[in-house]
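Subject: Structure for you to look over

Hello,

Here is the structure I promised to pass on. Please open it first, then read my notes below.

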Amino acid sequence: RNASVKEERHKEIFEKTVKLLDEGKNVAFLALGDVMLYATYEYVYEKLLAAGYESEFIPGITSIQAVCAKLNIPIAIDKEQVHIFPGTSNIKENLRTPGTKIFMKTKDSFEEMISEIKEFASTHEGVTVCGVSNCGMPGEIVAKSIDEIDKLTGYFTVIIVKGGNLSSSDATYFENRQCKYY
């Protein structure tokens, strides 16, 4: 989507929400997917806070957890790293990170991303690839292996790549040691 169209949509949602709040009503914003991960409401929430309103997030089961449960695979074991990547940019670089690699919001250049993942899996030992489109919704598609990955489609697709036998010296990643929770 165009950035200005998204911003206009966020402003519209904010204004409707403020109107209802000013009328003394409670407002709920339902989200498909993860309420605190790449969600539209995050933008509206920032505007509400800046305008002096309070808001509360009520989490559910994240798409990543739902997909891993559907596939019967753990997100990570022991000290295995987990990396979540939005969209389809920097696929080659992202695949080189150690541990579990999770790709979400895969609508742009989907075919190119699948091609890069297949190439990575064919050139690295121990790689497993699986994913789900529309997890828990009508039209759900489950791909339990690299051979089935082509059948995935749509915005609500989560692809998981595990393994690859990369050592930390082979990988590129960023650690946010400035975070107060680190």
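Two strands count as paired here if DSSP finds at least two bridges between them. By that rule β1 (residues 82–86) pairs with β2, and 5 bridges join the two strands in parallel. One of these links sets H83 opposite K101 in β2. Bear in mind that this is a predicted model.

**The sheet**

What is the order of the strands in the sheet? It reads β1-β2-β5-β3-β4, an open sheet of 5 strands with mixed pairing. β1 and β4 are the edge strands, each with a single partner, so one side of each has no neighbour in the sheet. From one strand to the next, the twist averages 15°. Helix α5 (residues 110–123) packs on this sheet and touches β2, β3 and β5. The direction of α5 makes about 15° with that of β5.

**Strand β2**

β2 covers residues 100–104, and 5 of its 5 residues are buried. In general, side chains in a regular strand alternate between the two faces of the sheet. In β2, T100, I102 and M104 point one way. K101 and F103 point the other way, and all of these residues are buried. β2 also pairs with β5, antiparallel, over 3 bridges. There K101 faces V161 of β5. So K101 has a bridge partner in β1, namely H83, and stands opposite V161 in β5.

**Strand β3**

Why is β3 largely enclosed by the rest of the structure? β3 runs over residues 128–133, and 5 of its 6 residues are buried; that is why. β3 is joined to β5 (residues 157–162) by 6 bridges, and the two run antiparallel. T128 sits opposite K162 in that pairing. β3 is also joined to β4 (residues 141–143), again antiparallel, by 3 bridges. Here G131 has A143 of β4 as its bridge partner.

**Helices α1 and α2**

Now the helix pair. α1 spans residues 3–22 and α2 spans residues 41–50. Their axes come within 9 Å and cross at roughly 50°. The two helices are therefore oblique to each other. The crossing of α1 past α2 is right-handed. Which residues of α1 meet α2? They are E7, H10, K11, I13, F14, T17, V18 and L21. On the α2 side, the residues met are Y43, V44, K47 and L48. By class, this contact has 7 nonpolar, 2 polar and 3 charged residues.

**S63**

One residue to click on is S63, in helix α3 (residues 63–71). Is S63 buried or exposed? Its relative accessible area is 18%, and the cut-off for buried is under 20%, so S63 counts as buried. Setting aside neighbours within four places in sequence, S63 is in contact with D34, M104 and V158. M104 is itself one of the buried residues of β2.

**Where to start**

I would begin with the sheet in the order β1-β2-β5-β3-β4. Then turn to α5, which packs on the sheet. Finish with the right-handed crossing of α1 and α2.

Best wishes

Conventions: Residues are numbered from 1 along each chain as its sequence is written. This is a predicted model: local features need pLDDT of at least 70, side-chain atom pairs count only at pLDDT 80 or more; totals for chains, interfaces and linings use all residues. Side-chain values use heavy atoms; hydrogens and water are left out. Buried means under 20% relative accessible area, exposed over 50%, partly exposed in between (1.4 Å probe, protein chains only). Helices (H or I, at least four residues) and strands (E, at least two) are DSSP runs, numbered from the N terminus. Axes are lines fitted to C-alpha atoms, for helices over the stretch in contact, and angles run from 0 to 180 degrees between N-to-C directions. Angles under 35 degrees count as roughly parallel, over 145 as roughly antiparallel, 65 to 115 as roughly perpendicular and the rest as oblique. A crossing is left-handed if the near helix is turned anticlockwise from the far one by less than a right angle, and right-handed if clockwise. Contact means heavy atoms within 4.5 Å. Ala, Val, Leu, Ile, Met, Phe, Trp, Tyr, Cys and Pro count as nonpolar, Asp, Glu, Lys and Arg as charged, and the others, Gly among them, as polar.
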